[in-house]
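Grab a coffee and have a look at this one. A few short exercises come with it, each with a worked solution.

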Amino acid sequence: MSQKKRHFGYFPARLLWAIEPIVQHHRNTEMVRMLDGNVFLAPSPSGGALLGAVHGHAMAVFHAPDAYCSGPMTLDVPDAAFAAAEPPEPVCFNYCGSHYHAEVPEWMQPGTCFVHDAGIFIQPKMRHPQWAGEDNEFQPCLFQRTSSVGTHTIGADFRLKEGSPIDWRKALALAVSDTTAPEGDFLAFSPQLVNLFSRIEDMCWNESPEDRPRTFHRATGNGGKPGAIVLTIEGRPDFVGLYMPMKMTEPQPVSWSFLRKEKLNG
């Protein structure tokens, strides 16, 4: 009798918080076409694992060298797990008109998200000091949810599926190969799609040791037809994003009222 294959993986919890806007946008706009399965975890050829979220209008993928997975898998993550993965804001202290910000203790900060057949849980960066001497079997965590069996509620229950039903690499490879930008000097896109990457940009800015890195939006196309817009962030080769442009006939011109100098009274 063959044993059932076990699935297991882990990745930095902060990445789960960063991709939530894309997951929620997917649930709000594509419930009929694709009920779940837009979060994926896959082994990386260069080590670690790839974690991302994808739907019909946008995609974000991270390469996490400190992540692992036993094979390609698709995750349906509860909303509460995203909330538990949110990095806490530093505490602000005031003294004599000055403001001082201090990071919260590591035992209050989300560290690693573990996923397996039995469920999902998020461990803090360190164990609470009062439990440091406890048995190693005692592992309190910031979030835990067992895998759903039978009935499943999107947004409330956790589920892990083997493989990735979405061919996200195909869309990325196509966009990278389309080196010819679409005709014209204008590009139309939805601000809602660009805003889906705001948490990712904030995270990269906070983790940058220097000034805030720049974000690049590269238009692609083939034969005059616009393709996906590739989004990259300076100094972050571990991330790539895609979002789709909008159809456009004529660009909205700049009104003359912005360009013409005002008349002086009198």
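Here are three exercises on this predicted model.

**Exercise 1.** Work out which residues of helix 3 are buried, and where they sit around the helix.

*Solution.* Start with residues 168-177, the span of helix 3; Trp168, Leu172 and Ala175 are the buried ones there. Now look down the helix axis: these buried residues fall within an arc of 65°, so they line one face of the helix. Flip to the face turned away from that buried side, and you'll meet Lys170 and Leu174, both exposed. Last step, the cover: what packs over the buried residues of helix 3 includes strand 2 (39-43), strand 3 (49-54) and strand 4 (58-64), along with strands 13, 16 and 17. Helix 3 lies across these strands, running at about 85° to strand 17.

**Exercise 2.** Trace the open sheet of 8 strands and find its edges.

*Solution.* Walk the order first: 12-6-2-3-4-17-16-13, with antiparallel pairing. The edges are strand 12 (159-162) and strand 13; each has a single partner strand, so one side of each is left without a neighbour in the sheet. On average, neighbouring strands are turned by 20° against each other, direction ignored. Zoom in on strands 4 and 17, which pair over 5 bridges. One pair to spot: Ala58 has Tyr243 in strand 17 as its bridge partner.

**Exercise 3.** Is Met126 buried, exposed or partly exposed?

*Solution.* Find Met126 in the loop between strand 10 (119-124) and strand 11 (143-146). Its relative accessibility is 34%; buried needs under 20% and exposed over 50%, so Met126 counts as partly exposed. Beyond its neighbours within four places in sequence, Met126 is in contact with Glu106 and Trp107.

Key: Residues are numbered from 1 along each chain as its sequence is written. This is a predicted model: local features need pLDDT of at least 70, side-chain atom pairs count only at pLDDT 80 or more; totals for chains, interfaces and linings use all residues. Side-chain values use heavy atoms; hydrogens and water are left out. Buried means under 20% relative accessible area, exposed over 50%, partly exposed in between (1.4 Å probe, protein chains only). Helices (H or I, at least four residues) and strands (E, at least two) are DSSP runs, numbered from the N terminus. The arc is that of the directions from the helix axis to the C-beta atoms. Contact means heavy atoms within 4.5 Å. Two strands pair if DSSP finds at least two bridges between them. Axes are lines fitted to C-alpha atoms, for helices over the stretch in contact, and angles run from 0 to 180 degrees between N-to-C directions.
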